[in-house]
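Please open the model in your viewer, with side chains available for display, and follow the stops below in order. Each stop names what to select and then says what is found there.

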Amino acid sequence: MSGADFMAQYVSGMSLNERNGGSGKPESTTADSSAPAKVVFIDEKDAISSEGDDVFPTGPMPEPRMKDSELIRKMSTIKGSVKREGSQTLPTIEYSDASDIEVIHEADKVFISLPWQKIVKLPVLQEAVGKGTTKYFSEVHIDLQGSTLKGDVFDASALSETNECMFIIENGVVEFREIVKLISKSKLHELDILAGADGCTLVDCNLEMEVCSVIGVGTFTIGAGSVVCMTDCEVTEAKEVGIVVAGGNLSGKRSKFVDHGFENMLVKDGGMATLTQCDFIGSKTAEGLTVEGKGTTVTVTKSTFINNETSSMMISDGAFAKVEDCVCFNSQTESGFEARGKGTKVKLLRCEFLNSNLHGVLVRGCAAVTVEELLCRGSKGSGMIVEGKGSNVTAISSIFADNVQNGVGVGYYATGMFRGCTMSGSKEGAGVEAGGYGTDLNMISCKVSDNNMSGIVVRDGALAALRDVVSSGSKEGCGLEVDGSGTEVWVTRGEYTDNPEGGVITTEGRVIG
């Protein structure tokens, strides 16, 4: 499908002509380039114009058809079915001049309708809007009608000199290197945003995006002072990072971040992101989502991470993350989830990490992680690894099952506390292994069963406290294996039965209780 055919199929919003009773089809234009833009003024109370039926009606604007839920769903389906190759841009059609642009003023509002499927440069739009009128607007509505609005830097003050202006742009393509000074709330609807080689950077923007696509080789960046809401949007095919939240604030709902060269999304520099029902798919050389730096915060809910090259998520260097009801599947080369760095804090609630190439969850470098009702299954390494001085994990009612190595591993001065957890079905290793001086393992009311090696292994100077633990059904070894000078295990109640080499085996270390 050609770019023109795609845009013809893609554009279905009402033009100003159609709102005024016309057909909504493009009109042939014979005006020469020197002719002024068609400007219609409408008084707040009375419609006064010599243009007859072309006058925009007084009273409230009719609701655009784009808000119809069925149509929005259809457009999302169309967008999802169109394959864009590389950093696709619209073919160069025809550049427009100011005479092609319809501008209607209604009190302190301005309604702009661009010509059908042309390329309009920002100075041309500014020229059309600025003729014979003040630029102190409360609202600026721009209907692109399948055209491309193109410029280097979009400065809202060029169209409206008040910081309280709302911009509403719909039905086409916008292509800018930077969008600046959109201080009041603005909306983009049914748009393709072409980031270009240098990407697109938002500065001091307050922007709402609905059913939009961000395409191109550059990175879409939400800079300091910017607040962006993305609903039913898709960000695809950047050569490096797909979207960067660098000190700004992103709220994403039912949106997709797909097939980027580096991370699908990077949140840093004190940025904030709240992501609900989003998909992070197919990052080529890095994580699906990376969150880094002190003061940086993300909340991820009911989202999916699939086939990302390294980890599904990486939280590091003092950042905070709360992740709920998410599924992370098939991390290609690293762990499903990784937290690292001093000051890093994470809460994982009711999440699943499945078929990770390394470990299900990896915690290291002084990070602190709390998990509840977690499932780590099918990892080629261990279900969970906690390692490094200062690293600690508290796990409640979680399952670590059917992993190749250990169900859980704690080592190198780390601390792990497990309450009401299950560690089972390890194919080559133990259910739980703790090793090394300074390592501290605590288990309460846990069930360890059907692992290839001993159910629980504590070795090389590690300390462990086990209370009401059941360890049984090991294929080789025993229920509890204690080995190495300085190793100590405190046992309170519990069962260590049905293992081929017995309940408890002690070599050098000691068991108390």
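**Stop 1: a charged pair between two strands**

Begin by selecting Lys109, which is partly exposed, with a relative accessible area of 28% (buried means under 20% relative accessible area, exposed over 50%, and partly exposed in between, with a 1.4 Å probe and protein chains only). Add Glu139 to the selection, and you will see the side chains of Glu139 and Lys109 meeting in a salt bridge at 3.9 Å, N to O, a term that here means a side-chain nitrogen of Lys or Arg within 4 Å of a carboxyl oxygen of Asp or Glu. The pair links distant parts of the chain, since Glu139 lies in strand 5 (residues 139-143) and Lys109 in strand 3, 30 residues apart. Helices (H or I, at least four residues) and strands (E, at least two) are DSSP runs, numbered from the N terminus.

Before going further, note that this is a predicted model, in which local features need pLDDT of at least 70 and side-chain atom pairs count only at pLDDT 80 or more, while totals for chains, interfaces and linings use all residues. Residues are numbered from 1 along each chain as its sequence is written, and side-chain values use heavy atoms, with hydrogens and water left out.

**Stop 2: further salt bridges**

How many salt bridges does a search of the whole structure find? The search finds 13. Select Lys118 and Asp100 next, whose side chains meet in a salt bridge of 3.4 Å, N to O; Lys118 sits in the loop between strand 3 (109-113) and strand 4 (119-121), and Asp100 in the loop between helix 3 (69-81) and strand 2 (102-106), 18 residues apart. Lys118 counts as buried at 14% relative accessibility, and Asp100 counts as buried at 15%.

Move on to Glu338 and Arg364, where the closest N and O atoms of the salt bridge are 2.6 Å apart. This pair too links distant parts of the chain, with Glu338 in strand 29 (residues 337-340) and Arg364 in strand 32 (residues 361-364), 26 residues apart. Glu338 is buried at 4% relative accessibility, whereas Arg364 is partly exposed at 30%. Then select Lys322, Glu324, Asp325 and Arg350 together, which salt bridges with shared partners join into one network.

**Stop 3: the nonpolar core**

Now select Leu125, Met209 and Phe418, the residues with the most contacts inside the largest nonpolar core, which has 103 residues. Such a core is a set of buried Ala, Val, Leu, Ile, Met, Phe, Trp, Tyr and Cys residues joined through side-chain atoms within 4.5 Å. Helix 4 (residues 122-130) gives the most to this core, with 5 residues. Around Leu125, display Ile101, Ile112, Leu114, Val120, Ile142, Leu149 and Leu159, which Leu125 touches when residues up to four places away in sequence are not counted (contact means heavy atoms within 4.5 Å).

**Stop 4: aromatic pairs**

A search of the whole structure finds 4 aromatic pairs, a pair being rings of Phe, Tyr and Trp (its six-membered ring) with centres within 6.5 Å, where planes under 30 degrees apart count as stacked, over 60 as edge-to-face and the rest as tilted. Select Phe257 and Phe280, which are stacked at 5.1 Å centre to centre with 25° between the planes. Phe257 lies in strand 19 (residues 256-258) and Phe280 in strand 22 (residues 279-281), so the pair ties together parts that are 23 residues apart in sequence. Phe257 is buried at 0% relative accessibility, and Phe280 is likewise buried at 0%. The rings of Phe400 and Phe418 have centres 6.3 Å apart and planes at 85°, so that pair is edge-to-face. Add Phe305 to Phe257 and Phe280 to see the cluster that ring pairs form from these residues.

**Stop 5: strand 45 and its neighbours**

Finally, select strand 45 (residues 463-467), along which Ala464 and Leu466 point to one face and are buried, while Leu463, Ala465 and Arg467 point to the other and are not. Strand 42 (residues 440-444) runs parallel to strand 45 and is joined to it by 5 bridges, and 5 bridges also join strand 45 to strand 48 (residues 488-492), again parallel; two strands pair if DSSP finds at least two bridges between them. At Arg467, look for its bridge partner Ile444 and for Thr492 of strand 48, which stands opposite.
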